[in-house]
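Let's take a walk through this one, starting at a charged side chain and working inward from there. Keep the viewer open as you read.

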Amino acid sequence: KESWGTTPAYQEYEQKRKGRTREDEKLLAQAMMGIFSGFVPLMDRPSEDEAVQAQVETLRDFISKNYYHCTPEILRSLGQMYGGGGSMTENIDKTCGDGVAQFASRAVEAWCRIRGMA
């Protein structure tokens, strides 16, 4: 909140979060991990592969629907956090398997590169 509390994305997040129960939040977190699990059978493919990129779109759509409009810039930042170590990386890998967070991070970076966000 300290870093992003004044941004439109954070304000949208707060608005969407209103009225959710702890159980709702838990179910959303599980659904998000389900999306990360969707990368597992794709991990033998290049990041630019059509199916891998479709999974990135699924992730982006989920974030936009449930949290805030996931702009390409936000998605890139999230992708860096997925593979950047720390609790986010650990949680993804603990739930979905070793290396999933790094693979998702590379897939997001490829999504950005494909769209000209060098």
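Start with R113, which is partly exposed at a relative accessible area of 43%. Bear in mind that you're looking at a predicted model. The side chain of R113 meets that of E48 in a salt bridge, 2.5 Å from N to O. R113 sits in helix α6 while E48 is in the loop between α2 and α3, so this pair ties together parts that are 65 residues apart in sequence. E48 counts as partly exposed too, with 39% relative accessibility.

Now move along to R115, which forms a salt bridge with E57, with 3.3 Å between the closest N and O atoms. This pair also links distant parts of the chain: R115 is in the segment after α6, E57 is in helix α3, and their positions lie 58 residues apart in sequence. R115 comes out as partly exposed at 41% relative accessibility, and E57 as partly exposed at 25%. The structure has five salt bridges. Another one of them joins E25 to R20, with the closest N and O atoms 3.4 Å apart; E25 is partly exposed, at a relative accessible area of 23%.

What about a charged residue without such a partner? Look at R60, in helix α3, which spans residues 50-66. R60 is buried but has no salt bridge. The nearest side chain of opposite charge belongs to E57, 4.4 Å away, and a salt bridge needs the nitrogen within 4 Å of a carboxyl oxygen. Leaving out residues up to four places away in sequence, R60 touches H69, C70, T71, P72, L75 and W111.

W111 takes us back to helix α6, where it is one of the buried residues, along with V100, A101, F103, A104, S105, A107, V108, A110 and C112. Helix α6 runs over residues 100-114, and its 15 residues reach 21 Å from first C-alpha to last, close to the 21 Å expected at 1.5 Å a residue. Its buried residues pack against α2, α3, α4 (72-82) and α5 (86-96). After α6 comes G116, with a positive phi near 80°.

So much for the helix; on to the core. In soluble globular proteins, nonpolar side chains tend to be buried together. Here the largest nonpolar core has 30 residues, and F36, F39 and I63 touch the most other members. Each of α2, α3, α4, α5 and α6 supplies at least two residues of this core, with the largest share, eight residues, coming from α6. Setting aside neighbours within four places in sequence, F39 is in contact with V52, Q55, V56, V100, F103, A104 and A107.

Just before F39 in numbering is G38, in the loop between α2 (22-37) and α3. G38 is partly exposed, with a relative accessible area of 24%. The C-alpha atoms of G38 and C70 are 19 Å apart, with these positions 32 residues apart along the chain.

Last stop: T89, in helix α5. Is T89 buried or exposed? Buried, with a relative accessible area of 10%. Its side chain reaches the backbone nitrogen of G84 at 3.5 Å. Apart from neighbours within four places in sequence, T89 is in contact with M81, Y82, G83, G84 and A101, and A101 is among the buried residues of α6.

How values were computed: Residues numbered from 1 in each chain as written. Predicted model: local features only at pLDDT ≥ 70, side-chain atom pairs only at ≥ 80, totals over all residues. Heavy atoms only, no water. Helix = DSSP H or I, 4+ residues; strand = E, 2+ residues; numbered from the N terminus. Buried < 20%, exposed > 50% of the residue type's maximum accessible area, 1.4 Å probe, protein only. Lys, Arg positive; Asp, Glu negative; His and termini not counted. Contact = heavy atoms within 4.5 Å. Expected span 1.5 Å × (residues − 1). Polar contact = N/O pair within 3.5 Å; in protein donor to acceptor, adjacent residues only side chain to side chain. Core = buried A, V, L, I, M, F, W, Y, C linked by side-chain atoms within 4.5 Å.
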